[in-house]
Structures are given as C-alpha cells and as structure tokens.
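Visitor: Hi, I have a structure to look at and some quick questions. Can you walk me through it?
Guide: Sure, let's put it on the screen.

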Amino acid sequence: MKTLKLRIKDKHANQLNKLAGSVNYVWNYVNDLSYKYLMRTGKFFSAYELNAYTKGSGELLGLHSQTLQAINETHTKARKQFKKAKLNWRTNRPDAKRKSLGWIPFKKSAIKLLATRQSGKKSLKSTLQLSLAKGKKLIIEVWDSYNLTLYDLNTCELVQDSRGRWYACITVKNHLKQICGTGSVGIDLGLKESATTSNGDKLTTKQTQKWAKKLAVAQRAKNKQRVKAIHAKIKNTRQDLIHKFTTQLVKDNALIVVGDVKSRSFTSKKTKLAKSTYDAGWFELKRQLEYKCKYAGCQFEIVGESYTTQTCSCCGDMSSSPKGRAGLRMREWLCAGCGIWHDRDINAANNILAAGFCRLVGEIAT
Ligand SMILES: [Zn+2]
C-alpha cells in the first residue's frame, strides 16, 4: 500500500469547502459526545458505538454514510494515539486563530475512477467520482501525475493545504512491480552535497539559498501568499530531487549501504550546521530508500560511519586524511600510504560500501 497525492482543480474548492464544513460539524459533535460519555461513565466510545449516534444524519449534511463512519474511526484512532479525552475543535471560520485545514474522508466503495485522459504533452487528467448522501455524486478532476489506471484504488481522503488548495490522497495497491538492479553502492551523506555515491554521483538538494533573495523581498512586502508559495516550492523541489535520486539508485543496485549519520544531534543545537543539515533532507532520503528497497527487493544496510572519511579506501591508511570539523572544508586529499588522490566524499562512500559488504559476509559466516 502506498499513498498518492494528486492536486484537485481549483474550480471544486467552493464545493469542497462546504463539505469540509459538514465534516467538521460531525467531528465536533462526535468529539463532544465521546467526551461527555467519558465523564459520565469513565469509558471511551468505540468507533462502532459512535456510528449508532451519527447514523442517518448523512442526508442532512450531504455526506455518505461511510464518510461518517470514516470520521468516527479517525476520531477514535487519533484520540487513542494522542491519549486525550478530547481532541481539538475543528473550525470553519477562515479568520480563526487555529484554522482547521479541510478534510473529507471516503471509503473504498465510495470511489470510482471515471476516466483518465491526456492533457498537454506530458500530463494526464483524471476524473474521480466520489459518493455523497443518497445517491448524490461528487465528480472531481485531478492532475494525474501517477496514471491512476495502473493502480487499484483503496481509500481516499480529500485534504486542503495552508494555501487553500485541495488534494486527493488515495491509498493504492501496486500493479507494477519494480525490480532492483544488480550493482552495489555506498552513500555518504554530507553537508556540502547532500549525498555522494561510491560511483561518484552527487545529489544536492539545497534550495534555501537559491530562494533566499526572493523570500526576503516577499517577507519585506508582507506578501504572505508569496512567502507560502516560495516555501512550498522549496519543499516540493527538494522532495522531487530526492525521489529521482533514490528511484535511480534502486533501479541500478541490489545492495545499497548508507552511513549512519545521527543528524538529530546536529539539529538540536542551534548552530549554523543545523540549518544545512535540515536542508539536506537526510531523513527523507533514508526513509525513501528504506521503502523503495523493500518494495523492489533490494538489500538496504545502515552502517556506522566512524572513520569513513579518515580512512583511505584503497590501502586503509589513516594518517594523511583530513580530520574533524576543519576537515569538512577539505574536499580532496592525497593518501600518503598509496599515493592516490581522493575526493573526500566518494572515498567515504567507498568505505561505507566496504563496511556494508563486511557485515553481509559476517552474517553469512555466522
Ligand atoms: Zn591509500
């Protein structure tokens, strides 16, 4: 199962905002009801018990009965997860201090893909039909960047972002099974380049610098929409770059080894290093590799990365390499042991790959 996020056309926004209002209404009712029940009896309502109270109200609210059930289930689950007697109130007021972003859940039986067609040179457009109360249908058009015809659609949640744009988050079962390649690669996660492979490929995801000027202009002009748009642009571009990088790695390799960087310890300190760590998207890269490898049947290893930058990957000499924080600025160095000129990051990636091999051999031996 994975979730695809598709942008819904803005012309549906008004209708979706209204429906989201109904969802909020149900949520608040259920939230209040289960709190009162808890106060009176000391027990929590289950989603099943809540269904008895919301049953039949869908027609008045314009929501499908299964949407009501989905709201109850999500409420129960969230209440358990956050260990709270009462969850936050969801508000429709656009000027509210803590505005709730729109959310409308649908179950599997309420979703149908009507059509997918070409629009423009590369993009696809799909039409989705979602069931509302009493046979009423909600027809929405989405930009289909995944080609939904290739998947089995499961559940769907319509969600709004802070810019008021709507998205369809659809969980799907995969049809196309991707198979990993035959190579092996080590990856050094660094600060200057976000990632360097032992083959010499580099991924740079830093975007903040590139947009800093435009962001400053927008902030001075107090143009909130523009600031939000730039932040979204930075985030989307970074995400896209990491996706392309990790997909290619899985396609090419059967073994991927990553150095274990405890980047959390960097970000906790408010140093200059913290920002660039955040920027590099280490966590996202590891997260993607983990699930993509699992899916394609590729071996994924995380190894300790101590001494990987200091050791020569050819002869194992440790005396001539750059050390410590000052060493971060040194990109290349000459090994005194064997006389090979190293790129610091590629050398580290090679050591990481070697450490991965060592571990695998060890596992087979024992
Ligand atoms: Zn050497």
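What follows is a chat about the helices, sheets and loops of this predicted model.

Visitor: Start simple. How many helices and strands does the chain have?
Guide: The chain has ten helices and 14 strands.

Visitor: And how much of the chain is buried?
Guide: Of its 366 residues, 28% count as buried.

Visitor: What about contacts between residues at least 6 apart in sequence? What share joins residues at least 24 apart?
Guide: That share is 64%.

Visitor: Let's do sheets. What is the strand order in the open sheet of seven strands?
Guide: The order is β2-β6-β7-β1-β5-β4-β3. The pairing is antiparallel.

Visitor: Which strands stand at the edges?
Guide: Those are β2, residues 103-106, and β3, residues 111-118. Each has a single partner strand, so one side of each has no neighbour in the sheet.

Visitor: What does the twist average from one strand to the next?
Guide: The twist averages 30 degrees.

Visitor: Zoom in on β1 and β5. How many bridges join them?
Guide: Two bridges join β1, residues 2-8, to β5, residues 137-144. The two strands run antiparallel. Within this pair, Arg7 stands opposite Trp143 of β5.

Visitor: Which strands does helix α1 lie across?
Guide: Helix α1, residues 13-41, lies across β2, β6 and β7. Its direction makes about 80 degrees with β2.

Visitor: Leu33 is in that helix, right? Is Leu33 buried, exposed or partly exposed?
Guide: Leu33 does sit in α1. It has 16 C-beta neighbours inside 10 Å, so it counts as partly exposed. Leu33 and Phe45 are twelve residues apart in sequence. Their C-alpha atoms are 8.9 Å apart in space.

Visitor: Switching to helix pairs. What describes two packed helices?
Guide: The angle between their axes and the distance between the axes.

Visitor: OK, what are those values for α2 and α4?
Guide: Helix α2, residues 47-54, and helix α4, residues 65-81, pack at about 140 degrees. Their axes are 9 Å apart. At that angle, α2 and α4 are therefore oblique to each other. The crossing is right-handed.

Visitor: Which residues meet there?
Guide: From α2 come Ala47, Leu50, Asn51 and Thr54. From α4 come Leu68, Gln69, Asn72, Glu73 and Thr76. By class, the contact of α2 with α4 has three nonpolar, five polar and one charged.

Visitor: Now α5 and α6. At what angle do their axes cross?
Guide: They cross at roughly 170 degrees and come within 9 Å. That makes α5 roughly antiparallel to α6. Among the residues that meet, α5 gives Trp211 and Leu215, and α6 gives Val227 and Ile230. The contact of α5 with α6 has six nonpolar, two polar and three charged residues.

Visitor: What sits in the loop between α5 and α6?
Guide: Lys222 lies in that loop. Its phi is positive, about 55 degrees, although it is not a glycine.

Visitor: Why point that out?
Guide: Because most residues other than glycine have a negative phi.

Visitor: Which residue with a positive phi lies between β5 and β6?
Guide: Asn147 lies in the loop between β5 and β6. Asn147 is not a glycine either, and its phi is about 65 degrees.

Visitor: Buried or exposed, those two?
Guide: Asn147 has 12 C-beta neighbours inside 10 Å, so it counts as exposed. Lys222 is exposed, with 8 other C-beta atoms within 10 Å.

Visitor: Back to sheets. What order do the five strands of the other open sheet take?
Guide: The order is β10-β9-β8-β11-β12, and the pairing is mixed. At the edges stand β10, residues 202-203, and β12, residues 299-304.

Visitor: How do β9 and β10 pair?
Guide: Two bridges join them, and they run antiparallel. Thr196 has Lys202 in β10 as its bridge partner.

Visitor: Which strands does α6 lie across?
Guide: Helix α6 lies across β8, β9, β10 and β11, at about 130 degrees to β11. Helix α9 packs on the sheet too, touching β8, β9, β11 and β12.

Visitor: Last one. How do α6 and α9 cross?
Guide: Their axes come within 10 Å and cross at roughly 35 degrees. The crossing is right-handed. The contact of α6 with α9 has seven nonpolar, four polar and two charged residues.

Methods: Residues are numbered from 1 along each chain as its sequence is written. This is a predicted model: local features need pLDDT of at least 70, side-chain atom pairs count only at pLDDT 80 or more; totals for chains, interfaces and linings use all residues. Two strands pair if DSSP finds at least two bridges between them. Helices (H or I, at least four residues) and strands (E, at least two) are DSSP runs, numbered from the N terminus. Axes are lines fitted to C-alpha atoms, for helices over the stretch in contact, and angles run from 0 to 180 degrees between N-to-C directions. Two residues are in contact if their C-beta atoms, placed from the backbone, lie within 7 Å. Angles under 35 degrees count as roughly parallel, over 145 as roughly antiparallel, 65 to 115 as roughly perpendicular and the rest as oblique. A crossing is left-handed if the near helix is turned anticlockwise from the far one by less than a right angle, and right-handed if clockwise. Ala, Val, Leu, Ile, Met, Phe, Trp, Tyr, Cys and Pro count as nonpolar, Asp, Glu, Lys and Arg as charged, and the others, Gly among them, as polar. A residue is buried if 20 or more other C-beta atoms lie within 10 Å of its own, exposed if 12 or fewer, and partly exposed in between; C-beta atoms are placed from the backbone.
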